[in-house]
Amino acid sequence: MSRSRTKLTNTFPGCPVESTLCFIDGKWKGVVLYHLMVEGVLRFNELRRRLPSVTPRMLTRQLRELEEAELLSRTVFPVVPPRVDYALTPRGESLRPVIMALKAWGEENVRCDGDSMTLKPHEST
């Protein structure tokens, strides 16, 4: 978990928004959760292919934090080469409405052009 959010949660106990963000905060956590929601069980390298900008070290760190928060499960198969599957837990699945709301907001309000993101012009009604 991000230290700054954890400190803020301790400063403002009971704030449900801050507490929730504490567990999904991080550049890649929400995207990892999204891919597991849409595609189901994925292996480490499958996640890496879906997130080409993430380093293996950062992805490992984000996955460990999500596992620690009990939002995803990690299953290791004793084969050579090692096989590790990641899947949402019921608690992780309970974040589906939150992640899908973020996706819908992004589709409506954000324009992605290559390597840049900008807000779409606001349409007045």
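**Close-up views of a predicted model**

At 9% relative accessibility, Asp 85 falls under the 20% limit and therefore counts as buried. The legends below refer to a predicted model.

**View 1. Surroundings of Asp 85 in strand β3.** The buried residue Asp 85 belongs to strand β3. Its side chain makes a polar contact with the side chain of Arg 83, at 2.9 Å. Leaving aside neighbours within four places in sequence, Asp 85 is in contact with Val 41, Leu 42 and Arg 43, and also with Ser 73, Arg 74, Thr 75 and Phe 77.

**View 2. Arg 83 and Phe 77.** Phe 77 stands opposite Arg 83 of β3. The charged end of Arg 83 sits over the ring of Phe 77, with 4.1 Å to the ring centre. The side chain of Arg 83 also makes the 2.9 Å polar contact with the side chain of Asp 85, and Asp 85 in turn is in contact with Phe 77. As for rings paired with other rings, the structure holds zero aromatic pairs.

**View 3. The hairpin of β2 and β3.** Strand β2 covers residues 72-77, and strand β3 covers residues 83-88. The two run antiparallel and are joined by six bridges. A hairpin of five residues leads from β2 to β3. Among the facing positions are Leu 72 opposite Leu 88 in β3 and Phe 77 opposite Arg 83 in β3. In a regular strand, side chains alternate between the two faces of the sheet.

**View 4. The open sheet and helix α3.** Three strands make up an open sheet with antiparallel pairing, in the order β1-β3-β2. The edge strands are β1 (42-43) and β2 (72-77), each of which pairs on one side only. Helix α3, residues 29-39, packs on this sheet and touches β1, β2 and β3. The direction of α3 makes about 90° with that of β3.

**View 5. His 122, after strand β5.** His 122 is found in the segment that follows β5 (116-119). Its relative accessibility is 77%, so His 122 counts as exposed, whereas Asp 85 counts as buried at 9%. His 122 and Asn 109 are 13 residues apart in sequence, and their C-alpha atoms are 8.1 Å apart in space.

Note on methods: Residues are numbered from 1 along each chain as its sequence is written. This is a predicted model: local features need pLDDT of at least 70, side-chain atom pairs count only at pLDDT 80 or more; totals for chains, interfaces and linings use all residues. Side-chain values use heavy atoms; hydrogens and water are left out. Two strands pair if DSSP finds at least two bridges between them. Helices (H or I, at least four residues) and strands (E, at least two) are DSSP runs, numbered from the N terminus. Contact means heavy atoms within 4.5 Å. Axes are lines fitted to C-alpha atoms, for helices over the stretch in contact, and angles run from 0 to 180 degrees between N-to-C directions. Buried means under 20% relative accessible area, exposed over 50%, partly exposed in between (1.4 Å probe, protein chains only). Rings of Phe, Tyr and Trp (its six-membered ring) pair if their centres lie within 6.5 Å; planes under 30 degrees apart count as stacked, over 60 as edge-to-face and the rest as tilted. A charge sits over a ring if NZ of Lys or CZ of Arg is within 6 Å of the ring centre and within 35 degrees of the ring normal. A polar contact is a pair of N or O atoms within 3.5 Å; within protein, one must be able to donate a hydrogen and the other to accept it, and residues adjacent in sequence count only if both atoms are side-chain atoms.
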